[in-house]
Every structure is written in structure tokens, then in C-alpha cells.
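Colleague: Thanks for making time for this. Could we go through the model together, one question at a time?

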Number of protein chains: 2
Amino acid sequence: MELAPKTKPSIRDVAAAAGVSRAAVSLVLNGGKIRISQEKRDKIIAVARELNYTPHVGARRLAIRRMETLGLVLPTQPEALSEYNLFELTHAVAEAAREHNYDLLLHFFDPSQTDAMPGTPGRVDGSIVVLGRKDTSDLPARLSAAQHPTVIVGGGFFVQKPEHFIDVDVSTGLMIATRHLIQLGHRNIAYVSHTEHSEKMNGYIVAMTKARLPIRKEWIIEIGFTEKALQEAAAQIKEMNPRPTGLVFTSDAIAVRMMRLFRELGLRIPADLSITGFDNIEIASFVTPGLTTVRVPTRKIADLAVRHLVGIVEKQPPRKLQSMLTAELVVRNSTGVPPGGLPPM
Amino acid sequence: MELAPKTKPSIRDVAAAAGVSRAAVSLVLNGGKIRISQEKRDKIIAVARELNYTPHVGARRLAIRRMETLGLVLPTQPEALSEYNLFELTHAVAEAAREHNYDLLLHFFDPSQTDAMPGTPGRVDGSIVVLGRKDTSDLPARLSAAQHPTVIVGGGFFVQKPEHFIDVDVSTGLMIATRHLIQLGHRNIAYVSHTEHSEKMNGYIVAMTKARLPIRKEWIIEIGFTEKALQEAAAQIKEMNPRPTGLVFTSDAIAVRMMRLFRELGLRIPADLSITGFDNIEIASFVTPGLTTVRVPTRKIADLAVRHLVGIVEKQPPRKLQSMLTAELVVRNSTGVPPGGLPPM
DNA sequence: CTGAAAGCGCTTACAG
DNA sequence: CTGAAAGCGCTTACAG
């Protein structure tokens, strides 16, 4: 049975075993400026690998005066049915950070607690702060005042735009969902939101207007979460005259439940009614028919946020980041040609 | 306008401003053994606060030879509809770590990649590793061989029990759900799982057996995820003779969808049929009637895992941790007295 | 009870 | 092109 090494090997051990100075080891391993024989270089690398050497990060960070660590600041009370899947986002940010050789420190904070400062500055070189549409936190301002490099995820619709933010353009998301229906041949398309959400509504309106399609007042529907409300809405939509042949929803969770209600009422999907959702939640692919929906490009957001933050930290050209990423359409079987409609050419 | 401090204050700054040695500052701030006048002590603390001093964590960790950091290792591909809500768990672990004054480092890894070692050892003092029921990773063994303090979340049903683990006893969870129905007066209760899950089934069987209630073979139903399967199952259950008056499900997501199917078939919930779920997902409280369900005590799990890991790291009595926590019942309105049944006394 | 000193492990100018 | 040395900021025995 092997014995685990008593203690982590240090740079001295590597230097001794390779017969060079500690400086040489450091310079070679970190790709520093050093002209050294290929032989010695190889030797150092081989020895380091054999000893399973990694520098003590505390010592290293003390010497280089950087923490090589990014902070991810998350809301303790995320909005219900938000377009951001926080776990997915966390995962993506962690991966991205690692690719840049940064550790990731997690910090949860309550946006309504206006006083508390996340304890991360000082132990991280910069932070990614995730904020909901309705969070009116002054944290970005405070971090900015403290000269702390910060990228906001989600600040795209704040009145006061953060210097560096990235957000998803849900408006365009709803626009492409609506356009998808239009391209299938639908003309009567209603918009159903689970909560007040003017950006998403704008996407619907833009798509309809561009296609010179009518928008009726009763086609803009806000229904909430309760079963009763959904039932009433379903019945109401069924009785409309003309009845919409396509429905764009602002949430998969609601769309999935409504699909079932419509079926109870005798409407077939997509034969009588085409439906699109938003979020691409797990069950959207389980239901029958599979729900056509819009997904937020979480990986892209994370990659961009991390790359930009690392850029600021490492003092590369500090341009601004004010990015709105487009949500993407995921086509499944809940959408088809309208009743009596012809397939598109 | 205030100027942000050029640089982080160091312990020298505090010592100078307070008129004491650096050692005194360190000792006082860390609660070390030092007999010093109350006056000086207060002065040090006041100055430290005023300067907003926090020790450089790199330097501190180098000196104390601990990283004051815990690792959280998460699976890249969590099981679908797992009983663990990974984001909730991450949140809870982060909070717990902070209460113990540890940072939390996130690391994702793919349990099927048997070779890769999470890069965390060396930068953390210990790790919490989350594993699914079906993950047959040798990571626990490798971490153990490397003497790395490790607590497994979810290893309760591995053949080879980890030395330190904590898991949720889903069996008892299903047991209390079943018992809840029994106490309401139900006698004919069926078990519906979305996937093979012998532990949960055991909970059902135990509850039924203890109450001396019959278990029919056709009352143990496995239905999967697809809409078609759910529809068939719903129809089949409706036609059963005797028909169950209570149904215990192994997943909220499935239970919610089935509730609707039953209603389509003319069965009222809970008047004709009582239903319980599992997981306490967000929509369980939105639907009507609200879904009675079972929740996993995520906070408790996180607290216990962190506390134990910190104990190991700080060399406190290193007893084993082999804990199975009980899931908890959340009573809503999808359960009631059976048709024709009397309310319990 | 205090203060000067060593040492944690690493990086990086700076002489040779 | 290399090697000896200083310094990053902190903690903790160890003399006084």
C-alpha cells in the first residue's frame, strides 16, 4: 500500500530534485522570461509532474498581489420563474472561470438589504453580480465606488445602466417566437404573460407589426399563476371570435399547464392551436407535444461576463461591456400550421 | 467626493495607527492569547474598523497553513428530477460555510470521468462531494486515499459506504406520505413512481404493512415521463376495481401532470382521489389544489455536512458521520378524506 | 506582559 | 544566462 505524501511538495523540493534554483522552477513553470537549456526545462517540468507539485496558492497570491479568484454574487431570493436558471448560470460561470485559471468564490446576498456589502472584495479580484429585473439594489454603485471590477448580469433594463453589464434580450426572444408562428402561416396570434413584462410584450408587438398583422386588445393577456386564473383564461381564449390560432407565452411553466387545459376544452395542439413557451425548462421536452420555446444562452452569457471581467482585472483595454444577448428558439411539436392554413412554401 | 483608498491597509498601518506592535494587532483581532490593557485592545479594534482592515487572506493562509476554504464538488450532469435541488443545496452550503468563516470553492466534475481529480485539493481544506444515487464514481475512494477530508452528500445507498456521508432517507419520506393518507382514512392506496426507485417503494410498503392494509400488485406502478404513459396510467387507475382512493407519487413534476389528467377523466381531487408528491418544487404550491408533498431538508443537510467537515479539518474528535435525514411532509389540499370516508377523529 | 524576529512558499527585479 | 536576495502580509513561538 502506498503512503500518501506527508506534506505538499514545495518549490524547494522541485528545485532540489531538478538541480536548479527555485527561481528557475518558478520562471519555467509560469512561462516567465528565462533562457534556459531545453534539457533543464524538461527536467523541471518532469520533476514537477512527478512530485505532483502545485504552488501554494496563498503564497503565490501574496507574491503576485492578485487573488486569481472571481466572485459570483447571487440573490438570496431569486424571482419566481425568472428567465435565468441560476444553477445553470453558476455552473457556466464556474467553468468559464476555470478556463481562465481563476477560482470562483460564491456569495449570496439579499438585494433588499441595502446596507450589507458582500464580503468578497479583498478576497477576489473582481465580481459578477446577478441581479433580477426588479432588484433596485445600489450594490453596483457601491462596488463601483470601491473601484471593484464588476460585471452585472441582468442590468440591461436598469434606468441607470451599469458600466459593465450583460443581459438577455427577452424582447427579441418573444419576437422570434412570434415570428416563428407567423412564418408557419398564423395571423391571429395572442400574447399571454404570467406577470407584467413589458419587454416581452414589446417583442410580440414588434413581430406582429412588422408582419402587418392586427393586434387586438383582448389578445394581450396577463393571467398570473393560480389554477383558477388559467382555467378562466383558457375558456376565454377558446370563446374568442376570431379565436387566435397561435399563442406566445412568457413562461414554460405556465404554457405547459395551459396546454393541458386547452386539451381538456377539446382543442388539439398544434392542430387547433400552436403554442410557444419561454425558458426551456426540463419538462418542456417531456410533455407531448414537446413545447416549442425560447431559451436563454446561459453559457454565452457566462463566457462573456467572465472574459470581460478577467480583461478588466488584467488591465486589458477596458472597453465597456453593454451587451444584450438574443434568446434562441427551440422548435418542438407544439407549433404547426394553423387550422386550414397551408404549409409555408 | 471621497477618494477611494489607494490600497488595502495592512497590519502595519493598523499597528502604527494604534501605537502598538503588529503582533498585538494580530493577537487581539484573532482572539489569541495575550494580556493587554483593555484600552489598547479597544483602540486596536476601533482603528481596524475605521481603516476597514481585513487581513490579506493569502498571507494569512500561508502563515497558518490552512486555506480556510471548503470545496463543493457538484456533478456536471445531475440526474433528472433528482430529490436534491442542487441550487438550493449550493446556497445552503455557502451560507453554512460562511457561518464557520470558510470560503467556498465550487468545482464541477463528471462522475463518469473516472480519471480526473477535481483540482480543489491543495486549495481547500476539505470537500463536500455531491453524488447521485446512481453515480458509481471512485472519487470518494481517491480523495480518501489522498487523505483529503471529505463528506459525501448522497452516498447513503452505496454498497461501500463512505466514511463520512449524509443523505436523505427518501424511504421514510414516502412512508410518511403514505401514512398521512392512511390517517385521513384511506385504505386503498397505490404507489406511482416515475422511475425504478426501490427505497421509495419500501417506504410505501412499510406504511401499508404497519397499518395492516393490503397491497395489490397492480397498485405498484412505474410510469416514466412521457405523456402517453401518463395518460394510459391515469385511465388504467380510473378503471381499477377497487379503485385506489389515494396515490403516492415519487415526483411532484409527475404528480402535477397526473392531477390534471385525472381531472380530465372526471375525477375530483381530493374528493375522489387524494394525491401526494415528492420534492416540493416551485409549482407544487401554484397548482389548485396545492400539492401535498414531501420535502428534503436541504438546509439541515448542508449545515450538518459543513459542520462535520469543519470538525474534521480542525481536528476535533473525528467521529464518523453516517446520517440519514428524514424527509418532511408538506400538507396542502390535494389530500383529504376518502370518498364516503369519515374524517379522522 | 511586550516587542523583535523568524518563517510560511512564492515571485521577481538585480547583481554577477 | 544564472543564482542569491528581497519582499509580499501575516502569525507565532521566543527572548526580554
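Colleague: Which residues come nearest to DNA strand D?

Modeller: Happy to start there, with a word on the ground rules: this is a predicted model, where local features need pLDDT of at least 70, side-chain atom pairs count only at pLDDT 80 or more, and totals for chains, interfaces and linings use all residues. Residues are numbered from 1 along each chain as its sequence is written, chains are lettered from A and ligands numbered from 1 in the order in which they are written, and side-chain values use heavy atoms, with hydrogens and water left out. A residue is near a strand if one of its heavy atoms lies within 4 Å of it. Of the 21 residues around DNA strand D, those that come nearest are Arg35(A), Arg65(A), Ile11(B), Ser26(B) and Tyr53(B).

Colleague: What percentage of the atoms of DNA strand D that come within 4 Å of the protein do sugar and phosphate account for?

Modeller: Some of the phosphate contacts are polar ones (a pair of N or O atoms within 3.5 Å). A polar backbone atom of Ile11(B) sits 2.4 Å from a phosphate oxygen of this strand, and an N or O atom in the side chain of Arg60(B) is 2.9 Å from a phosphate oxygen. For sugar and phosphate, the share of the strand D atoms within 4 Å of the protein is 78%.

Colleague: And which helix gives the largest share of the surface near DNA strand C?

Modeller: Helices here are DSSP runs of H or I with at least four residues, numbered from the N terminus. Helix H2 (22–29) and helix H4 (57–64) of chain A, together with helix H4 (57–64) of chain B, each supply at least two residues of that surface. The largest share, 5 residues, comes from H4(A).

Colleague: How far is the polar side-chain atom of Ser26(A) from a phosphate oxygen of DNA strand C?

Modeller: Ser26(A) is among the closest of the 23 residues that surround this strand. For Asn30(A), a polar side-chain atom lies 2.9 Å from a phosphate oxygen of DNA strand C. For Ser26(A), the distance is 2.8 Å.

Colleague: Which residue of chain B comes closest to the rotation axis?

Modeller: Superposing by least squares on the C-alpha atoms of residues with pLDDT of at least 70 in both copies, a rotation of 180° with 0.0 Å of shift along its axis brings chain B onto chain A, with RMSD 0.0 Å. That is the relation of a two-fold axis. At 2.0 Å (C-alpha), the closest residue of chain B is Gly58(B).

Terms used
A polar contact is a pair of N or O atoms within 3.5 Å; within protein, one must be able to donate a hydrogen and the other to accept it, and residues adjacent in sequence count only if both atoms are side-chain atoms.
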